[in-house]
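Dear colleague,

I am passing this structure on to you, as you have not worked with it before. Please look through it first, and then read the notes that follow.

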Amino acid sequence: MRPRDRVRRRDRVTRLRELQPLDRLSSLRIKLGVLVAASVTVSAGFVAIGVTLGIQARYVVTVAVLLSLAVTQVLAHGMIAPLRAMAAAASSLAHGDYSRRVRATSRDEVGRLAVVFNRMAADLEAADRARRELIANVSHELRTPISALRAVLENVVDGVTEPDGAAVKAALAQTERLGLLVEELLDLSRLEAGAVPLDVSEFEVEPFLAEVVRQAQTAGRAVRYRLDVRPPGLSARADEGRLHQVMANLVDNAAKHSPADGLVQVSAVRTALGALRVEVADEGPGIPEPERARVFERFTRGSTGKSASGGGTGLGLAIARWAVQLHGGTIEVMPSARGALIRLELPAEQPSAQRLSE
């Protein structure tokens, strides 16, 4: 057989396998009814023809049964094919292959199941990819301070450097960085699992933010800070500790990315709907629009959106997002003429403890 003939034959077989004449029907029950009706009609029609032509009954019945089975096979194949495809795809998922999808052409319950199955496979593929990226990022982030700490200790042991204050300070800095990374990973894990209850209380916003700014000033960065709270005496109901963690991270990031003598502005207002709106603005290079949604992903840092060897751990904004979401609020990067502007809003009513645990 010539190659062209083999290709044509394979195409005909493929078209027969994909034959699904009942796809336009929107219900599996209707399809089963049509299947039974078609089988009975073909059988009855051939029996009537056989009787009219005087063919013996045993031949008529045998051929009628065979025709009925053939019609059932043709019509039922299109109904069963998506289920077979889902079984094969599920087996691939079980072995770690998340790329398989099911061809969904019917409009009935099986077709809708195929659509849901494909969506589930896509979600599993994304989750597996995120898991692999997380493992790679955590490995990279842990290796950097461990390597630096090992180098300092090896130099001290080998006598290259004296065990003086500078060497101890360098080792302590790397140890603190390692401890911060582990603490933030555990914190983020608890937040994602919803295992961190909120200790909601009412407090005044201005002294709260003033303390955040005062602590940021102790870092010694050459930037200016401005605090604007309106109206005076503005209060909020939230978990003060969690919100302090969020604001400290936002203000610290703004100071890091601001130029010398740049201005970091922290403002808070009450919206018309009663929500608390807090904004942190800086005069740095800003955040490109395509990367504004990604800055809240884990291990995303800098203008490239990738982890770097220096700076923070890349978890601060991810933790901030989860903490704000635990409050039922939102946090996002807003358009700004200069620098970056991050806005968070907390609703007037905080989620209850029962809702947080769900």
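An axis here is a line fitted to C-alpha atoms, for helices over the stretch in contact, and the angle between two axes is taken between their N-to-C directions. Please bear in mind that this is a predicted model.

With that in place, the axes of helix H6 (residues 205-217) and helix H7 (residues 240-257) come within 10 Å and cross at roughly 45 degrees, and H6 and H7 are therefore oblique to each other. The crossing in which H6 passes H7 is right-handed. On the H6 side the contact is made by Phe208, Leu209, Glu211, Val212, Gln215 and Ala216, which meet Glu240, Leu243, His244, Met247, Ala248 and Val251 of H7. Sorted by kind, the residues of this contact of H6 with H7 comprise 8 nonpolar, 2 polar and 2 charged.

Phe208 of H6 also appears in another finding. A search of the whole structure gives 1 aromatic pair, formed by Phe203 and Phe208, whose ring centres are 5.0 Å apart and whose planes stand at 50 degrees, so that the pair is classed as tilted. Both partners are buried, Phe203 with a relative accessible area of 9% and Phe208 with one of 5%.

Helix H7 also holds Asn249, which counts as buried because its relative accessibility is 17%, under the cut-off of 20%. Leaving aside neighbours within four places in sequence, Asn249 is in contact with Gly316 and Leu317.

With best wishes

Conventions. Residues numbered from 1 in each chain as written. Predicted model: local features only at pLDDT ≥ 70, side-chain atom pairs only at ≥ 80, totals over all residues. Heavy atoms only, no water. Axes fitted to C-alpha atoms, helices over the stretch in contact; angles between N-to-C directions. Helix = DSSP H or I, 4+ residues; strand = E, 2+ residues; numbered from the N terminus. Parallel < 35°, antiparallel > 145°, perpendicular 65-115°, else oblique. Left-handed = near helix turned anticlockwise from the far one by under 90°. Contact = heavy atoms within 4.5 Å. Nonpolar A, V, L, I, M, F, W, Y, C, P; charged D, E, K, R; others polar. Buried < 20%, exposed > 50% of the residue type's maximum accessible area, 1.4 Å probe, protein only. Phe/Tyr/Trp six-rings, centres within 6.5 Å; stacked < 30°, edge-to-face > 60°.
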